[in-house]
Amino acid sequence: MCENCASSPSGKIFSEKDNSEVSKLIEKYRSKKGFLIPLLQDIQSVFGYVPQEACGMVARELDIYPSEIYGILTFYSQFYMEPRGKHIIRVCQGTACHVMGGREILEFLSDELGIEDGESTDDGMFFLERVACLGCCGMAPVVMIDEDFHGRCSIGNLRKLVEEYRSKD
Amino acid sequence: MSENKKNRILICSGTSGVSAGCGKVRSRFEEELRNRGIESDWEIVSVGDRGLFRDVLVDIMDSRGRVSYEYVSPEDVSGIAESHLVGGGLFNERLAGDDYKNFFEKQTRIVLSNCGEIDPDKIDEYIERQGYAALKKALDSSPEEVIEEIKDSGLRGRGGAGFLAGLKWEFTRNASGSEKYVVCNADEGDPGAFMDRSILEGDPHSVIEGMAIAGYAAGAGEGFIYCRAEYPLAIKKLKKAISLAEKEGFLGDNILSSGFSFRLNIKEGAGAFVCGEETALLASIEGRRGMPVPRPPFPAVEGLWGKPTLINNVETLANVRHIILNGAKWFSSMGSGDSKGTKVFALAGKVKNTGLVEVPMGTTLRDLIFGPGGGMAERKSEFKGVQIGGPSGGCLPEDLLDTSIDYESLNATGAIMGSGGMIVMDTGSCMVDIAKFFLDFTVAESCGKCVPCRVGLKRMQEVVELITYGKGTDSHIDFLRDMGNTIKNTALCGLGNTAPSPVLTTLRYFDDEYRAHIDRRSCPSLVCIDLLNFEVNEELCKKCGKCLPVCPSDAISWRKKEFARIDKDKCIKCRACIVECPFKAIE
Ligand SMILES: Cc1cc2nc3c(=O)[nH]c(=O)nc-3n(C[C@H](O)[C@H](O)[C@H](O)COP(=O)(O)O)c2cc1C
Ligand code: SF4
Ligand code: SF4
Ligand code: SF4
Ligand code: FES
Ligand code: FES
C-alpha cells in the first residue's frame with residue numbers, strides 16, 4: 001500500500017465514534033448499485049473531508065482496492081483528503097467573472113492569505129478554492145465565503161472582508 | 001379583500017435571488033404583513049429565478065393587476081408595503097423600468113414559462129398550469145405515437161450536439177433488453193452557463209414530467225438525474241418535487257392506472273467537467289472515475305450497467321411536455337431550417353441585461369444581444385465579440401452578429417450552439433487572454449485518457465501563454481492552427497474534439513490581436529499584465545482623478561489639475577486603475 005491509502009492517522013485521532021459512523025454508512029450502501037461515490041460523499045459530509053482511516057475501512061469492508069478509492073478521490077475535484085480551513089472561500093473563475101476581473105481577485109486572495117487554490121492557511125482559518133460559475137453572473141466578479149455571496153468584488157472590499165472574518169473569530 | 005384567491009407577492013428566490021439576499025426580503029415582508037394585520041390578504045411565494053439579474057425581483061399581483069419591482073433590498077420593503085400593499089399606490093423608487101420590460105417582452109418563454117411564476121415546492125401550482133397533463137395525454141397514446149410526435153416536432157438535443165431527440169428515443173425503444181434507463185444530464189459544466197440550473201430550481205416538475213414521458217416512450221422503468229454537486233438548491237428542489245410527484249401518483253408504480261411504472265433517482269456529481277460527456281457520465285453514475293469510452297456502442301444500445309439508456313439534457317426534457325400538449329406542428333412552426341423551437345441562453349458579460357433569455361431558433365445574435373440583452377452595459381463600452389458555447393465554443397466578432405442562432409449556421413462559424421452560455425465582451429477583453437482562459441479550463445479538466453487532449457492541449461496552452469508574456473513568434477501561430485486541428489480530429493471524446501475551438505476561432509476572427517502581442521509586444525486591450533508598464537501616459541491623462549480611489553495599495557498619487565502617477569514599488573498590478581480610467585491613459 002502506498003502511503004495515500006495506508007491507514008495511518010492524518011493528525012486527528014480517529015475515535016470509536018468516528019469508526020461507528022463510517023460503519024453505519026458502509027452498511028447503508030453495502031448492497032447498492034454504484035455506491036462508491038455517494039458513500040464517499042456521505043463520509044465527507046460527516047468529517048468535512050475523507051479521512052484515510054475511512055478509506056481503509058471502506059476498502060476492507062467492501063472488498064475494493066484502495067487504489068480504486070484513491071483514484072476516485074483524486075479524479076473528482078469535490079473530494080478533499082485533508083481537513084479544510086474553518087472558512088471556505090470560493091472564488092468564481094467562470095467566464096463572466098473572468099471577463100469582469102475574477103483572476104485578479106483570486107491572485108489577490110492567494111497573496112493576501114499566502115495560500116494557493118485548494119490549500120488552507122496555517123492557522124486553519126481559511127480554505128481557498130476556485131470554482132466555475134456560482135450562478136449569479138450578473139454580480140460578477142463573485143466570491144462566496146461559507147454560505148454568503150459577495151458580488152461586484154473589488155480588492156479593496158475583499159481586504160476589508162477578510163479582516164472582518166479574522167477579527168470576528 | 002374578498003376574492004377567494006389571495007393576492008400574491010412573488011419573490012425571486014433561486015440561486016441568484018439567494019445571492020442577493022431574498023431571504024431577508026421575504027422575512028421583512030412577513031413582518032410588514034404581520035405588523036399591519038394584513039397577513040390573511042396576501043400570500044408570499046418564493047419562486048425560482050425569473051432570470052434577470054436585477055435581484056431581488058418582487059412582483060405583486062392583486063386586483064389592480066401585476067406590478068414588478070427590481071433591485072428590492074430589505075430596506076425597501078416597508079416602503080413597498082406602505083405605498084403599494086396598503087396605500088393603493090406604487091413604490092416608485094424600485095418600479096421595474098424599461099430595461100426590465102424590454103428584457104421580458106422580447107423573449108418567447110416556453111421552457112421558462114413557469115420559472116419565476118410558481119412555487120416549485122408546490123405541485124398544485126404546477127398542475128394548475130397544465131402540469132402533468134402531457135403525461136396523462138402521453139399515457140393515453142402508444143409509446144410509438146409519442147415517439148412519432150417528438151420526431152415530427154424536430155426537437156434536437158439542447159446539451160450541445162443537437163442530435164434529434166425523437167430518433168434517440170426510438171433507438172432506445174428498439175434496443176433489445178427489457179431493463180432500460182432514462183438519464184437526465186444536469187451536469188451543466190460550461191463555466192458561464194446556468195440555464196439548466198434555473199429550470200431545475202424554478203420548474204423541477206417540467207423535467208420530471210419530461211423524463212416520465214421519455215421513460216414511457218423508450219420503455220424504461222427507472223431514471224437518473226445526474227446533477228452537479230455545485231447546485232445544492234437545484235438538488236433540494238428536485239428531491240422535494242420527486243417526493244411530491246410520487247405522492248400524487250405521477251411517479252412510482254402503475255402511474256395514473258396506466259400500468260406504466262417509473263422510478264426516479266438523483267445522482268450528485270462530484271466535480272468533473274468531463275462527466276457531462278455521456279459515456280463519462282454513465283461511468284460516474286456507476287461509481288467509477290468519469291472517463292469517456294469510444295462510441296459505438298452508443299448508450300442507447302449499451303449504457304448504464306450495459307443496458308440501453310436514453311440520455312437527454314435538462315432543457316431538452318423540459319420541452320417535451322409542451323410538444324405533447326401543443327403538438328409537433330406548433331413546435332416546429334417556431335425556429336428555422338432544421339432547428340426548431342426555442343433556445344435558452346445564459347447571457348452575461350458586458351451586456352446591460354444579464355440573465356436567462358429564451359428566443360426562437362433563427363433569431364440573430366444581434367437581435368438577442370441588442371434586444372432582450374439591451375445592448376452594451378455602459379455607454380463607453382464598445383462591442384468586440386461574443387463567446388458562445390463555453391470551452392467547446394468560439395468567439396465571434398461584430399461582423400458575424402447577423403448570424404442566425406441555429407445549429408448549422410453557428411457550426412459554420414467555428415463556434416457551436418453548445419449548451420447556451422453566451423458572454424458578451426467589449427474592447428476591455430483581450431481575445432488571446434480569453435483563448436488562454438478556456439485552454440486553462442480544458443487542460444485542467446482533461447481526463448488524461450488520450451494523448452492528443454492530455455498532451456496536445458497542454459502544448460497549446462504553453463504556447464498561448466508565451467504569446468501573452470510577449471514571447472510569441474510567427475511560428476507559434478502555425479503551431480496553434482496545426483495542433484488545434486490535429487486534436488480536433490484525433491481526440492477520443494467531445495471534450496478534446498472541441499477544446500481547440502476557442503483558440504481556432506480567435507485566430508480566425510481576431511488575428512490582429514495575436515499580431516499585436518507578437519509583433520509589437522503589446523496587448524491592445526490592456527489585459528495581459530506582462531505586456532503592461534503600469535505607467536500613466538501624460539498625453540492621454542485628463543487629470544480626472546478617477547483612478548485614485550480604486551487603487552487598493554495606495555500606489556497612485558493625484559492632485560487636482562495634476563497628472564496621476566503610479567509608484568511601481570507599491571503597485572500590485574491588479575488592473576483596477578486601468579479598468580477605471582475613462583481615457584485609457586494607464587498602459
Ligand atoms: C466534455 C463534454 C461535456 C458535456 N457537458 C454536458 C452538460 O453539461 N450537459 C449536457 O446536457 N450535455 C453535455 N454534453 C453533451 C452530452 O454528452 C450529451 O450529448 C447530451 O447530454 C445529450 O443530450 P441531448 O441530446 O438532449 O443534448 C457534454 C459533452 C462533452 C463532450
Ligand atoms: S479527449 Fe480529453 S477528456 Fe476526452 S477522453 Fe481524451 S483525454 Fe479524456
Ligand atoms: S494596477 Fe492596481 S495596484 Fe497598480 S496602480 Fe493600478 S490600481 Fe493601484
Ligand atoms: S483616471 Fe485616467 S485620466 Fe483620470 S487621472 Fe487617472 S490616469 Fe488620468
Ligand atoms: S495502495 Fe494506494 S495506490 Fe496502491
Ligand atoms: S461566472 Fe461567476 S457567477 Fe457565473
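# A guided tour of chains A and B

Begin by selecting chain B, whose secondary structure comes to 24 helices and 17 strands; keep in mind throughout that what is on the screen is a predicted model. If you turn chain B along its principal axes, its C-alpha atoms fill a box of roughly 80 × 65 × 40 Å. Chain B has 587 residues and a radius of gyration of 26 Å, which agrees with the value near 25 Å that a compact globule of that length would have.

Now hide chain B for a moment and select chain A, in which there are 7 helices and 5 strands. Followed along the sequence, these elements of chain A run in the order α-α-α-α-β-α-α-β-β-β-β-α, and the C-alpha atoms of chain A fill a box of roughly 50 × 30 × 25 Å along the principal axes.

## Stops within chain A

Select A:D63 next, in the loop between α3 (52-62) and α4 of chain A. What is the phi of A:D63, which is not a glycine? The phi of A:D63 is positive, at about 60°.

Move on to A:K86, which is found in the loop between α4 and β1 (87-92) of chain A. If you set aside the neighbours of A:K86 within four places in sequence, the residues in contact with A:K86 are A:G124, A:M125, A:F126, A:D146 and A:D169. Measure from A:K86 to A:G124 in the viewer, and you should find their C-alpha atoms 6.1 Å apart in space, although the two residues are 38 residues apart in sequence.

The next selection is the pair A:A140 and A:P141, which are joined by a cis peptide bond with an omega of about -10°. A:P141 itself belongs to the loop between β3 (126-131) and β4 (143-145) of chain A.

## Where the two chains meet

Bring chain B back into view and select the residues at the contact, to which chain A gives 36 residues and chain B gives 51 residues. Between them, chain A and chain B bury about 3400 Å², and 60% of this area is on carbon and sulfur atoms.

How many salt bridges does the rule find across the interface of chain A and chain B? There are 2 salt bridges across this interface, while a search of the whole structure, over all chains, finds 48 salt bridges. Side chains of opposite charge can pair when their charged atoms come close.

For one of these pairs, select B:D433 and A:R103, whose side chains meet in a salt bridge with a distance of 3.0 Å from N to O. B:D433 lies in helix α17 (residues 431-445) of chain B and A:R103 lies in helix α6 of chain A, so the pair joins two chains. Then select B:R575 and A:E104, which also form a salt bridge, with their closest N and O atoms 3.1 Å apart.

Beyond the salt bridges, the interface of chain A and chain B holds 16 residue pairs in polar contact, with both residues at pLDDT 80 or more. On the side of chain A that touches chain B, the elements that give two or more residues are α2 (36-47), α4 (66-75), α5 (95-99), α6 (102-113) and α7 (155-168) of chain A. Colouring that side of chain A by residue class will show 19 nonpolar, 13 polar and 4 charged residues.

## The ligands beside chain B

Select ligand 2 and the 13 residues around it, of which B:C447, B:K449, B:C450, B:C453 and B:C493 come nearest. Sorted by class, the shell around ligand 2 has 9 nonpolar, 3 polar and 1 charged residues.

Go on to ligand 3, where 14 residues form the surroundings and the closest are B:C551, B:C571, B:C574, B:R575 and B:C577. You have already met B:R575 as the partner of A:E104 in a salt bridge. The shell around ligand 3 divides into 11 nonpolar, 1 polar and 2 charged residues.

Ligand 4 comes next, and 13 residues lie around it, with B:C541, B:C544, B:G545, B:C547 and B:C581 coming nearest. Its shell has 9 nonpolar, 1 polar and 3 charged residues.

## A last stop in chain B

Finish by selecting B:P296 and B:P297, which a cis peptide bond joins, with an omega of about 0°. To place this stop within the fold, look for B:P297 in the loop between α12 (278-285) and β8 (309-313) of chain B.

Conventions
Residues numbered from 1 in each chain as written. Chains lettered and ligands numbered in written order. Predicted model: local features only at pLDDT ≥ 70, side-chain atom pairs only at ≥ 80, totals over all residues. Heavy atoms only, no water. Near = heavy atom within 4 Å. Nonpolar A, V, L, I, M, F, W, Y, C, P; charged D, E, K, R; others polar. Contact = heavy atoms within 4.5 Å. Buried area = accessible area lost by both parts, 1.4 Å probe. Salt bridge = Lys/Arg side-chain N within 4 Å of Asp/Glu carboxyl O. Polar contact = N/O pair within 3.5 Å; in protein donor to acceptor, adjacent residues only side chain to side chain. Helix = DSSP H or I, 4+ residues; strand = E, 2+ residues; numbered from the N terminus. Rg over C-alpha atoms; globule rule 2.2 N^0.38 Å.
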